[in-house]
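Load the model in your viewer and keep the selection tool at hand. The stops below are meant to be taken in order.

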Amino acid sequence: MRQRGDDGSIGPYPADAAAARAPRRGQSLSGTLLGQLEAEQERWFLWLPVMLGAGIALYFLLPAEPAPAVAVLPLVAAIAVRRAGGGGIALPLAGAAMIAIAAGFALAKVRTHAVGAPVIGRATGPVAVEGFVELVEPRAGKGQRLTIRPLKIERVEPGTLPYRIRVRTLREAPDLKPGDAVRLSARLSPPPTPALPGDYDFARTAWFARLGAVGYAAGAAETLADPPAAPAGLRAWAAIERVRQAIGQRVTAALPGETGAIANALITGERGGISEATSQAFRDSGLYHILSISGLHMTVIAGAAFVLLRVLLAAWPAVALRYPTKKWAAVGAMLASLGYLLISGSAFATVRSWVMISIMLLAVLADRPAIALRNVALAALAILAVWPESLLDAGFQMSFAAVVALVSAYEWLRERRQAREPAGSSLVRGLIVALLFLGGIVVTTLIASLAVAPFGIYHFHATQSFAVLANLIAIPICNLLVMPAALAGLIALPVGLEAGPLWVMGLGIEGMVWCAEAVARLPGAVGRVAAIPSLAFGLVVAGGLWLTLWRERWRVLGLVPIAAGLAAAGLGPVRPDVLVGRGAELVAVRGSDGRLSALAARGTTFELQRWLEHEGDGRTPAAAARAEAWRCDALGCTARVKGLTVAVARTPAALRDDCGTAAIVVLRFQQAAGCRAARLVIDRGRVAALGAHAVWITREDAGDGGATGATARLRLETVQAARGLRPWAVATAQAPRHATEMAAPTSPQSADEARDDP
């Protein structure tokens with residue numbers, strides 16, 4: 001006998017499910033597991049996006065780009081296994097899982113080559129650029145950031161012209177609009193590579209955004225007097241962007257200053273006007289998700305539109321008694337969320353949230369529960385199928401982690417709650433409802449914070465200690481005041497009456513800013529965490545999925561890999577002893593106190609900051625660049641690390657001494673002569689070709705009982721080796737042969753960490 005479950009799927013009656021779960025006398029462990037799987041049949045679908053994501057992850061973990069046959073043949077084999085599956089559930093389930101994994105692998109391969117576009121090979125001097133403006137983003141300091149579809153770039157052949165470039169201008173062109181044809185002089189470079197092996201790879205993100213160059217321009221962009229016709233798709237996008245830009249100007253006119261900049265961010269998604277100090281306060285307090293239009297904002301807008309339409313339709317008895325007004329309201333909410341998506345800039349996080357909300361509203365139209373894990377799984381499937389690379393996005397991971405945890409907890413509570421009204425007077429019932437509301441915020445924040453904590457630690461190496469407190473104060477302000485006022489302002493905008501609602505919105509924003517700054521100032525508000533191994537992160541994620549996606553008691557087995565992952569995270573990877581980056585201008589060694597001591601040059605602050613974040617070191621780059629472990633003179637600097645000398649030569653005159661005494665020599669120039677005596681030589685050209693270098697020094701017993709002491713072994717890893725031979729990571733030069741000779745082979749590690757794009 002079967003029944004329809006809460007999420008609309010067909011499953012066994014509880015008695016049948018209990019019988020299926022009960023172990024029989026003499027039943028083997030495999031038989032017990034198969035019985036559990038059969039009892040969880042209605043939850044099998046939830047694992048489909050997980051398996052698809054596993055195939056996508058496998059593709060991105062490969063050290064080299066696979067051939068097309070490698071992407072297709074596993075899918076064919078998986079289909080064959082699925083069709084050959086006999087009786088029982090083991091083979092069919094295994095075959096279905098293999099198909100999903102192989103499909104994810106193939107989708108990622110197809111997507112990588114479908115978006116392929118030229119990337120400039122090296123940095124340029126000032127070059128003339130002409131093209132169409134796709135996006136205009138104001139900056140909090142001065143100038144603008146322009147996304148341009150180039151028509152021509154000086155000294156770049158038409159066949160190698162990037163599809164899209166991004167340029168920061170130091171002077172603002174106030175009348176510039178999306179769709180304008182412009183000319184400017186800019187310095188361009190390829191999208192930046194990771195700051196150290198295993199760090200976040202912006203170049204990979206740029207590849208999927210078809211972004212072939214980044215740069216800056218000292219002057220403002222000038223519009224062309226006689227521009228050519230823009231492509232039709234660009235004209236349509238530019239029309240939407242112009243409306244968005246006009247809305248932003250109206251908002252900031254009604255709310256000047258940073259309050260208006262935050263209001264503009266919440267309505268149009270444009271965060272460029274928010275100062276770095278305010279952004280950092282929101283990060284440190286755990287409230288930065290409020291500034292990024294995502295699930296919270298989309299839910300409030302769609303929910304407010306849904307409730308408003310239901311109330312209006314219910315007030316019209318002739319309609320309310322004859323027609324399905326709930327479904328009408330759902331359609332209206334879908335249109336409202338679509339409109340919000342378009343005016344908010346259609347950032348990827350916003351698109352992801354819109355897909356999730358739309359699927360839930362479609363569930364209302366189909367008379368299915370809107371809040372169900374099946375709908376979350378459908379949203380994940382849709383996003384991964386269209387944008388497989390989104391699996392690597394920290395926002396995607398954190399968003400779905402929070403939603404899956406919250407919906408799973410909601411379903412668990414729904415199964416155990418008692419449907420009865422609170423007793424007592426109206427005042428007592430009101431107090432109970434208020435307490436439940438506040439308690440719901442606390443519980444929701446706790447669940448979401450626990451769900452996203454592993455991702456925040458893995459990607460950003462930080463924790464927000466008082467995020468629950470900050471969200472307890474700010475979320476009600478955002479949900480009950482700021483976003484409803486934003487919706488009212490948008491409705492009033494066409495008739496010029498937006499000032500009143502926006503004033504109310506501004507009051508709420510000031511309250512949120514006060515909350516963020518107050519919480520960020522609390523002692524211990526931010527905890528720094530060193531990088532954790534990818535294996536530890538994977539175990540925690542796998543355990544979390546097992547714990548939330550299954551319904552029966554065996555779900556608690558997910559605590560085992562979570563515990564194992566936490567234990568592995570506590571061990572942590574062995575940190576490098578020497579780091580070399582930014583054209584050999586930035587060099588750091590591990591001092592006797594275990595912290596990095598750096599020799600820095602102009603323009604290396606960002607890279608050094610990434611190194612410190614990876615270490616879990618809360619010092620500023622200036623503090624780490626005091627070179628306390630170094631001894632310097634006019635020719636260069638030296639430091640001792642685990643018994644070995646590390647030398648940094650500023651001029652060729654230092655080579656004679658450094659090459660004879662140092663084991664590791666870093667040259668801040670292109671090597672002109674041999675330096676064979678040193679065990680490892682890293683020059684400017686090598687770093688330019690292979691990216692930042694990390695060196696580990698290991699002291700090993702010589703094998704004679706300590707008679708001759710310990711031998712130092714070196715292990716080197718470069719950014720290029722860690723990235724592998726992928727389309728977004730093509731080497732631009734070859735390193736000298738002797739510089740790669742090592743006492744131990746390299747051992748690339750894989751880790752994806754997220755940062756704001758530069």
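The tour goes from the whole chain to a helix, a loop, a sheet, some salt bridges and a surface patch.

**Whole chain**

Keep in mind that this is a predicted model. Show everything as cartoon. The protein has 26 helices and 20 strands. Of its 758 residues, 46% are buried. Switch to a surface view: about 35700 Å² is exposed, and carbon and sulfur atoms supply 63% of that area. Now think about contacts with a separation of 6 or more. Residues 24 or more positions apart account for 67% of them.

**Helix 3**

Select residues 48-61, which make up helix 3. Does the length fit? At 1.5 Å a residue, its 14 residues should span 20 Å, and the end C-alpha atoms are 20 Å apart, so the two agree. Next, show side chains. Which residues of helix 3 are buried? They are Pro 49, Val 50, Leu 52, Gly 53, Gly 55, Ile 56, Tyr 59 and Phe 60. Add the partners to the view. The buried residues of helix 3 pack against helix 5 (90-114), helix 6 (202-208), helix 15 (373-386) and helix 20 (534-549).

**Ala 220**

Move to Ala 220, in the loop between strand 7 (211-217) and strand 8 (222-223). Its relative accessibility is 24%, so Ala 220 counts as partly exposed. Expand the selection by contact. Beyond its neighbours within four places in sequence, Ala 220 touches Arg 171, Glu 172 and Ala 173. Then draw a distance to Gly 143. The two C-alpha atoms are 7.8 Å apart, although these positions lie 77 residues apart along the chain.

**The five-stranded sheet**

Select strands 14 to 18. They form an open sheet in the order 14-15-16-17-18, with mixed pairing. Strand 14 (631-632) and strand 18 (680-683) are the edges; each has a single partner strand, so one side of each lacks a neighbour in the sheet. Zoom in on strand 15 (residues 636-641) and strand 16 (residues 644-649). These two run antiparallel and are joined by six bridges. For one contact across the pair, pick Cys 637: its bridge partner in strand 16 is Val 648.

**Salt bridges**

Stay by this pair of strands and select Lys 642. It forms a salt bridge with Asp 577, with the closest N and O atoms 3.3 Å apart. Lys 642 sits in the loop between strand 15 and strand 16, and Asp 577 in the loop between helix 21 (559-571) and strand 11 (578-581), so the pair ties together parts 65 residues apart in sequence. Colour both by accessibility. Asp 577 is buried at 3%, while Lys 642 is partly exposed at 42%.

Go to Arg 242 next. Its salt bridge is with Asp 180, and the closest N and O atoms are 3.0 Å apart. Arg 242 belongs to helix 7 (residues 232-254), whereas Asp 180 is in the loop between strand 5 (164-169) and strand 6 (181-189), 62 residues away. Here Arg 242 is partly exposed at 35%, and Asp 180 is buried at 16%.

Two more selections are worth a click. Glu 276 and Arg 283 form a salt bridge at 3.1 Å between the closest N and O atoms. Glu 137, Arg 139, Arg 145 and Glu 270 are linked in a salt-bridge network. Across the whole structure, a search finds 28 salt bridges.

**Last stop: a nonpolar patch**

Turn the surface back on and select Val 331, Leu 335, Leu 338 and Leu 342. Together they form a nonpolar surface patch with about 310 Å² of accessible area. Finish on Leu 342, in helix 13 (residues 325-343). Its relative accessibility is 34%, so Leu 342 counts as partly exposed.

Technical notes. Residues are numbered from 1 along each chain as its sequence is written. This is a predicted model: local features need pLDDT of at least 70, side-chain atom pairs count only at pLDDT 80 or more; totals for chains, interfaces and linings use all residues. Side-chain values use heavy atoms; hydrogens and water are left out. Patches are made of residues with over 30% relative accessible area and no salt bridge: like charges are joined within 9 Å, nonpolar side chains (Val, Leu, Ile, Met, Phe, Trp, Tyr) within 5 Å. Accessible areas come from the Shrake-Rupley method with a 1.4 Å probe; for residues, only the protein chains shown count as cover. A salt bridge is a side-chain nitrogen of Lys or Arg within 4 Å of a carboxyl oxygen of Asp or Glu. Helices (H or I, at least four residues) and strands (E, at least two) are DSSP runs, numbered from the N terminus. Buried means under 20% relative accessible area, exposed over 50%, partly exposed in between (1.4 Å probe, protein chains only). Two strands pair if DSSP finds at least two bridges between them. The expected span of a helix is 1.5 Å times one less than its number of residues. Contact means heavy atoms within 4.5 Å.
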